[in-house]
Amino acid sequence: MTQQLDKNYRQFSGERVAAHCEFYTPSFNKLLPERANASHPIVFNLRGGCIYIQQYLDAEHLDALFPNNRVGRVSFLALFDDESNHFSLSDVKVQLVRLQPSRDGIGLVFRFVNLTQHQLDQLQKAHRAFPEMACDETSIQQTADLLKWRMKPSRKPSHLKLVG
């Protein structure tokens with residue numbers, strides 16, 4: 001009998017990178033119209049990530065985002081920073097993995113599901129464009145600037161400020 005070692009999925013999916021995102025899902029945006037155009041910090045790699053939302057979310061909100069057995073479809077997902085990096089994906093399926101408490105809100109840990117080749121290409125371009133996380137996600141501050149995220153200066157200058 002062979003013992004299988006724990007796989008390091010980051011080896012295949014890449015290190016986590018930080019950006020801001022906006023997303024649109026009709027049923028979710030109807031519940032929170034005041035947050036429809038809000039940007040949220042996101043940490044992601046090619047397998048999935050975590051969107052930190054500074055908003056109270058209850059079971060009704062989660063059901064609107066993930067209606068089919070913890071799987072949902074995001075109609076539009078924009079990933080961006082203030083360095084002219086902007087990427088968008090349409091009709092992206094995501095699966096809720098768990099909720100991650102943060103200081104000022106909640107993190108939705110998700111996995112990408114059944115990406116098309118075009119979506120994967122866009123995601124790979126975005127992953128290469130944004131700075132790697134140099135800190136533990138528990139130190140993420142919910143602020144408009146990501147200086148507190150202490151990103152690695154090897155990919156972006158230490159004075160980097162992202163729009164919120």
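**Exercise 1. Find how β1 and β2 pair in this predicted model, and place the sheet they belong to.**

Step 1. Start with the two strands: β1 and β2 pair in the antiparallel sense, over 5 bridges.

Step 2. Pick a residue to anchor your view. Ala19 stands opposite Ile42 in β2.

Step 3. Now follow the neighbours. The barrel is closed by 6 strands in the order β1-β2-β3-β6-β5-β4, with antiparallel pairing. From one strand to the next, the twist averages 45°.

**Exercise 2. Work out where α4 sits relative to the strands.**

Step 1. List the elements along the chain: from the N terminus on they run α-β-α-β-β-α-β-β-β-α, giving 4 helices and 6 strands.

Step 2. Turn to α4. This helix lies across β1, β2, β4, β5 and β6, and its direction is at about 75° to β5.

**Exercise 3. Identify the largest nonpolar core and say which elements supply it.**

Step 1. Look for the residues with the most contacts inside this core: Phe23, Ile42, Phe44, Leu79 and Phe130. The core has 30 residues.

Step 2. Trace the suppliers. β1, β2, β3, α3, β4, β5, β6 and α4 each give at least two residues. The largest share, 5 residues, comes from β5.

Step 3. Check for a second cluster. Another core, of 6 residues, lies apart from the largest one; among its members are Val43, Cys50, Val109 and Met133.

**Exercise 4. Describe burial and surface for the whole chain.**

Step 1. Of the 164 residues, 46% count as buried.

Step 2. The accessible surface comes to about 9,300 Å², and 47% of that belongs to carbon and sulfur atoms.

How values were computed. Residues are numbered from 1 along each chain as its sequence is written. This is a predicted model: local features need pLDDT of at least 70, side-chain atom pairs count only at pLDDT 80 or more; totals for chains, interfaces and linings use all residues. Side-chain values use heavy atoms; hydrogens and water are left out. A nonpolar core is a set of buried Ala, Val, Leu, Ile, Met, Phe, Trp, Tyr and Cys residues joined through side-chain atoms within 4.5 Å. Buried means under 20% relative accessible area, exposed over 50%, partly exposed in between (1.4 Å probe, protein chains only). Two strands pair if DSSP finds at least two bridges between them. Axes are lines fitted to C-alpha atoms, for helices over the stretch in contact, and angles run from 0 to 180 degrees between N-to-C directions. Contact means heavy atoms within 4.5 Å. Accessible areas come from the Shrake-Rupley method with a 1.4 Å probe; for residues, only the protein chains shown count as cover.
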